[in-house]
Amino acid sequence: MEYSANIVNMGLRHEARNEYMKALKMYSVAFRARKNMLGPKHPSLPIILNLLGSIQVKRKEPEEAMQIFELALYGKLRENGMKALSGENHENDSNPLPLNKYALPGTLAVSMKEIGEIYEEWGRLEEALDMYHDSLDYIVQHAKKDVHFVSKCAFKNDDECSISSEGTASTSPESLLDVCVVNATSSPSSPPCISRFPSEQQSPPEEMEIYLQESIEYDLDSITDRHRSISNLASYYDSFFRDPETQPILVDKKKVSLHVTTALHNIANVHRKQKDYVLSKASYNAALRGMKLIQGEQHPSVAAILGNLGNLLNDMKDYDQAFATYQTVLKIESVRLGFSHSDVMITMLNIALIELCRGNHQESIKLYKEVIKIQRRMHEKGEDNANLLAVSYSCLGDAQEKHGDISSAIESYQEALTLRTTSLAQFHPDLGKLIHKLGRMCTLNGELDRADKVFTRALRLYKHNRLEPSDARVIDVQRDRADNRVKIALAARAQEEINKQRKCLCEM
């Protein structure tokens, strides 16, 4: 088994260097080797399938990744195949497949989370949320007796939160769960794992088992139904990582705790997209408590959760709290990354946006200009991010527009358009919105002929990308161009009247 473990480690190293095809090949070789030696029921096989799936996600092959993750989760592919992946016949899928009984709990939890992320990417938010909840619940259910992520007050009685974990040996939590959650690339040293699942070939402890999650007896008394009601769900999220007595144990079980924290963060992101702000806030706060406990107050992952919490507060129009949250993010990121880092720039843009929303137009414009100044200095060193600079100019244009400085807004939008056109294709659909904005500003500034040319350019771009005439973007540009042409006609008529009056005066 040392051979297959070494092959997996080679794959991890290739993956860390973004050599995805090489990593894919290594994981495939390891999968075949272990399947031939240990049989198709060995619990290490779903672990390698998760690794294969994660590579396909990074290669932008979500359909392939989904099938691999489902093979790890269920032990076989669904009969309706790609129809199920695309969402077809979903309502008729009343007989879900049972979970892979040969896979370990941590492995299944990772598969669920990864499937949820693909669903979220596809915009299938309800299915994503179900998978994230299943992953979260599965970890909570199969944790050892002394590992309580949820405070006891969240349950009706103590019996409901006791989980059986009789008589099994365990590995270090440095497992595939860790690889998928924190992208570990080095082989941890740990005691061997004793699998509790029967296999056709029992072998002595081996190095590959360092990637296996803790082996625990099942107790399938699901907490899912108890906590997914609207009235209880927020309090369920709020109960995570609150019990001071269990916090040292959760820190000791760092990698498993990271999975719970990541699941809560993913759940919060989906709730935010669904505009379920109360649930989203409760889940973000739980993820934040967990990440601070595990990684410390100043860790970049804490800043990432705080950043998304700030975005939520902005959506909720709680601008003062959002401002304070972004300021905390800025302190963490600037110390660790330096003020010229792109993450710091994004946080500064968010702070400027909050100032704009609070009506502090001049402060907002000042911050946007400061970000642009920093990025321009980086441009001189050849280290700039053209897309981020374009976004900064576009945001500056928005602020100048709201401040009533239309001429400056036109200059900012034009600069943003120039940068975006350089980084994208000339007829990329993402340029349409920016071109449309520039046209509107030209109309407001009385540059009607220029506005007509800009609107026509936007329509030509949308036509090139085969947008339907009923598309809202096309309709909006057509309406604004029509209004602009009416103004051109009225201006021409007024000019004719003026010319007539001048001619009459001259004849007199």
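Me: Helices are DSSP runs (H or I, at least four residues), numbered from the N terminus. Which helices each supply at least two residues of the lining of the second largest pocket?

Reply: This is a predicted model, where local features need pLDDT of at least 70 and side-chain atom pairs 80 or more, while totals for chains, interfaces and linings use all residues. Residues are numbered from 1 along each chain as its sequence is written, and side-chain values use heavy atoms, without hydrogens and water. A pocket is an open set of points on a 1 Å grid over the protein atoms alone, where a 1.4 Å probe fits, with protein on both sides within 12 Å along at least five of seven lines; lining residues have an atom within 4 Å of a point. The helices that each give at least two lining residues are α14 (300-315), α15 (319-337) and α16 (342-357).

Me: Which helix gives the largest share of that lining?

Reply: The second largest pocket is lined by 16 residues. Six of them come from one helix, the largest share: α14.

Me: Which residues lie nearest the centre of the second largest pocket?

Reply: By class, its lining has seven nonpolar, six polar and three charged residues (Asp, Glu, Lys and Arg count as charged; Ala, Val, Leu, Ile, Met, Phe, Trp, Tyr, Cys and Pro as nonpolar; the others as polar). Nearest the centre of the second largest pocket lie A303, A304, E333, D343 and T347.

Me: How many salt bridges does the structure hold?

Reply: Side chains of opposite charge can pair when their charged atoms come close. A salt bridge here is a side-chain nitrogen of Lys or Arg within 4 Å of a carboxyl oxygen of Asp or Glu. D471 and R473 form one, with their closest N and O atoms 3.1 Å apart. The total number of salt bridges is 20.

Me: How many residues apart are R440 and E401?

Reply: The side chains of R440 and E401 meet in a salt bridge, at 3.6 Å from N to O. The pair links distant parts of the chain. R440 sits in helix α20 (residues 431-444) and E401 in helix α18 (residues 386-403), and their separation in residues is 39.

Me: What is the relative accessible area of R17, the partner of E19?

Reply: R17 forms a salt bridge with E19, the closest N and O atoms being 3.5 Å apart. E19 is partly exposed at 26% (buried is under 20%, exposed over 50%, partly exposed in between; 1.4 Å probe, protein chains only). R17 is partly exposed too, and its relative accessible area is 48%.
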